[in-house]
Amino acid sequence: MHWRLLAVSFHGFLIRHSFGQTSQSSCRSSSNDNQNESSSTESSHHASSCTAWKWDLDSEHRCNVKRISLTDLHAQFKSGLPPLFEEPLLIFNNNNDYTVPSPFSGCVHSVFEDKSSLKNIIMSLPENFNVTLSSSNSFSTHRRTISLTQYLNETLLAETFPHQLSNETWYLFGETYSDDWQHMMADFCLPPCQTCTKELSALAFGIGGKGSGVQWHTHGPGFSQSIHGRKHWVLYPPHHKPTYDPDYTSRYWMEETYTSLKNKMRPYECTLFPGEMIYFPDKWHHATINLDSYTAFLSTFTTEHGF
């Protein structure tokens with residue numbers, strides 16, 4: 001079994017991160033090891049990590065969302081994407097070079113990318129900073145407040161598996177409107193849309209671990225950009241409401257429902273790689289699944305009605 005335990009000290013706190021590939025033989029050895037484990041949590045983790053899932057996080061996934069480069073988008077819409085655009089778009093920078101200024105604003109994405117990295121995120125916020133977590137079900141019903149350091153350690157060590165309930169799993173997203181968060185997000189490059197201004201946009205930063213995400217829900221239009229790690233999106237238009245249990249995870253839906261659907265009934269979907277962003281149209285149903293142990297992202301909720 002080729003597991004390595006990485007212990008890295010960033011500015012006075014310890015992050016431990018396991019990584020590697022688990023083979024079939026390692027699953028058997030883990031199972032035997034678990035007989036001597038006193039912790040049922042550890043036993044459950046090993047068993048889950050050895051399961052052959054129908055929808056595998058590390059596989060290459062389908063993308064049927066239209067992709068467009070920032071350069072081509074600028075050529076088509078000089079002042080940015082018009083309000084209430086009717087289809088989702090995946091927007092990427094040419095050659096994935098995010099040190100190049102945006103053709104819309106001149107902003108350089110790599111500045112915020114560095115600021116929000118696992119290495120620098122603690123230094124970008126006040127000392128002993130606390131975060132408010134939401135439950136990851138459709139309604140984000142519950143709240144939990146812990147230190148950012150504790151959340152990062154929990155996030156890096158844990159994977160959310162399909163059988164876990166979403167109303168019992170925690171997620172940092174949507175509670176990032178304080179002055180400290182706004183200062184931290186000041187270097188973020190706003191998306192390329194005609195109403196994407198500081199006055200007409202609300203920013204929400206998030207960090208999720210492998211397998212985490214938010215179950216199906218709907219709201220107004222906006223953009224979401226993956227800053228670090230990969231994030232898979234699934235979407236249906238307003239008239240096509242998916243069938244789901246709001247208290248089960250989005251990964252459970254992918255594992256049990258998505259894999260049973262015929263291709264023509266499957267949703268719009270695509271994986272965002274670091275630096276890429278998606279535009280989600282008004283009232284479209286969508287759910288997300290984070291594919292990496294440190295998946296950091298930022299959503300921009302836009303004001304597009306009445307323009």
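**Group meeting talk: strands, cores and disulfides in a predicted model**

Okay, let's start with a pair of strands: S4, residues 89-92, and S13 run antiparallel, and three bridges join them. When I say two strands pair, I mean that DSSP finds at least two bridges between them. Helices and strands here are DSSP runs numbered from the N terminus, with H or I over at least four residues for a helix and E over at least two for a strand.

Quick housekeeping. This is a predicted model, so local features need pLDDT of at least 70 and side-chain atom pairs count only at pLDDT 80 or more, while totals for chains, interfaces and linings use all residues. Residues are numbered from 1 along each chain as its sequence is written, and side-chain values use heavy atoms, leaving out hydrogens and water.

Back to S13. On the S4 side, Leu90 stands opposite Ile278. S13 also pairs with S10, residues 222-228, again antiparallel, this time over four bridges. There, Ser224 has Ile278 as its bridge partner.

So which residues of S13 sit on each side? Met277 and Tyr279 are on one side, Ile278 and Phe280 are on the other, and all of them are buried. Here, buried means under 20% relative accessible area, exposed means over 50%, and partly exposed is in between, with a 1.4 Å probe and protein chains only. As background, side chains in a regular strand alternate between the two faces of the sheet.

Let's zoom out. The protein has seven helices and 15 strands. Of its 307 residues, 47% count as buried. It exposes about 14800 Å², and carbon and sulfur atoms supply 49% of that; accessible areas come from the Shrake-Rupley method with a 1.4 Å probe, and for residues only the protein chains shown count as cover. How much of the contact list comes from residues 24 or more positions apart? Among contacts with a separation of 6 or more, it's 79%. A contact, by the way, means heavy atoms within 4.5 Å.

Now the inside. A nonpolar core is a set of buried Ala, Val, Leu, Ile, Met, Phe, Trp, Tyr and Cys residues joined through side-chain atoms within 4.5 Å. The general idea is that nonpolar side chains tend to be buried together in soluble globular proteins. The largest core here has 27 residues, and Ile121, Val131, Trp181 and Phe205 touch the most other members. Several elements supply at least two residues each to this core, including strand S5 (130-135), helix H6 (179-184) and strand S8 (201-208). Helix H5 gives the most, with four residues.

Take Val131 from that core. Leaving aside neighbours within four places in sequence, Val131 is in contact with a list that includes Ile146, Leu148, Tyr151, Leu172 and Trp181. There's also a second, separate core of 13 residues, and among them are Phe77, Phe85, Cys193 and Tyr279. Tyr279 is one of the buried S13 residues we began with.

One more buried spot: Asn290, in strand S14, residues 285-290. Is Asn290 buried or exposed? Buried, because its relative accessible area is 0%. Again skipping neighbours within four places, its contacts include Leu57, Tyr171, Arg230, Lys231 and Phe297.

Last topic: disulfides. A disulfide is a pair of cysteine sulfur atoms within 2.5 Å, and a search of the whole structure finds three.

Number one joins Cys63 and Cys270, with sulfur atoms 1.9 Å apart, and it's left-handed, at -95° about the S-S bond. Cys63 is in the loop between helix H2 and strand S3, Cys270 is in strand S12, and the two are 207 residues apart. Cys63 counts as partly exposed because its relative accessible area is 34%, whereas Cys270 is buried at 3%.

Next, Cys107 is joined to Cys189, S to S 2.0 Å. This link is left-handed too, with -80° about the S-S bond. Cys107 lies in the loop between S4 and helix H4, and Cys189 lies in the loop between H6 and S8, 82 residues away. Cys107 is partly exposed at 22%, while Cys189 is buried at 10%.

The remaining link is Cys193 with Cys196, sulfurs 1.9 Å apart. This one is right-handed, at 105° about the S-S bond, and both cysteines are buried.

So what pattern do the disulfides follow, with bonded cysteines counted along the chain? It's 1-6, 2-3, 4-5. That's my talk, thanks!
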